[in-house]
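Dear colleague,

I am handing over a structure that you have not worked with before, and my notes on what was found in it follow below. Please keep the sequence and the view open while you read.

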Amino acid sequence: MFNTAQRVGSSFGIAVVGSVFFRTLGDATGVSQAKAFSDGLQTSMYVNIALLVVCFVLVFRLPKKI
């Protein structure tokens, strides 16, 4: 069960961060290709950090094992 949850979480994370990256690339008009990729990477890393913070907070919401 743990392995399945871990793989589903990885797939979901890759899909979300990849979508943000390519959406940012699509929005970049009139800038150089290097700047567009830099902006896409920066935005996707911010999303990744935000998701990590959410997961960190949710870990403490798990029921305590007695």
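Leu62 counts as exposed, because its relative accessibility is 54% and the cut-off for exposed is over 50%. Please bear in mind that this is a predicted model, and that every value here is computed from it. Leu62 sits in the segment after H2, and although 56 residues of sequence separate Leu62 from Gln6, their C-alpha atoms are 16 Å apart in space.

Leu62 also belongs to a nonpolar patch on the surface, which is made up of Tyr46, Ile49, Val53, Phe56, Val57, Val59, Phe60 and Leu62 and has about 860 Å² of accessible area together. One member of that patch, Phe56, is found in helix H2, which covers residues 33-59, and Phe56 counts as exposed at 53% relative accessibility. Phe60, another member of the patch, is likewise counted as exposed, with a relative accessibility of 55%.

As for the aromatic rings, the count comes to three aromatic pairs. In one of them, Phe21 and Phe22 meet edge-to-face, with 5.1 Å from centre to centre and 75° between the planes. These two neighbours in the pair fall into opposite classes: Phe21 counts as buried because its relative accessibility is 15% and buried means under 20%, whereas Phe22 counts as exposed at 57%. The rings of Phe56 and Phe60 are also paired, and since their planes stand at 80°, with the centres 5.1 Å apart, that pair is edge-to-face. Ring pairs further link Phe21, Phe22 and Phe37 into a cluster.

Turning to charged side chains, how many salt bridges does the structure hold? There is one salt bridge, and it joins the side chains of Asp39 and Lys35, with 3.1 Å from N to O. In general, side chains of opposite charge can pair when their charged atoms come close. Both Asp39 and Lys35 lie in helix H2, where they are four residues apart, about one turn of the helix. Neither end of the bridge is classed as buried or as exposed: Asp39 is partly exposed, with a relative accessible area of 24%, and Lys35 is partly exposed as well, at 43%.

Regarding the chain as a whole, the protein has two helices and zero strands. Its C-alpha atoms fill a box of roughly 60 × 20 × 15 Å along the principal axes, and its radius of gyration is 16 Å, where a compact globule of 66 residues would have one near 11 Å. Buried residues make up 11% of the 66 residues, and of the accessible surface, which comes to about 5800 Å², 70% belongs to carbon and sulfur atoms.

Finally, there is the annotation from the record. An unreviewed UniProt entry places the feature "transmembrane region" at residues 7-25 and 45-62. In the model, residues 7-25 are 100% helix and 0% strand, with the end C-alpha atoms 27 Å apart, while residues 45-62 are 83% helix and 0% strand, with the end C-alpha atoms 26 Å apart. Leu62, with which these notes began, is the end residue of the span 45-62 in that entry, and its place is in the segment after H2.

With best regards

Conventions. Residues numbered from 1 in each chain as written. Heavy atoms only, no water. Rg over C-alpha atoms; globule rule 2.2 N^0.38 Å. Buried < 20%, exposed > 50% of the residue type's maximum accessible area, 1.4 Å probe, protein only. Areas by Shrake-Rupley, 256 points an atom, 1.4 Å probe, with all protein chains shown as cover. UniProt positions renumbered as here; feature names shortened; annotations may be inferred. Phe/Tyr/Trp six-rings, centres within 6.5 Å; stacked < 30°, edge-to-face > 60°. Patch = residues over 30% accessible without salt bridge, like charges linked within 9 Å, V, L, I, M, F, W, Y side chains within 5 Å. Salt bridge = Lys/Arg side-chain N within 4 Å of Asp/Glu carboxyl O.
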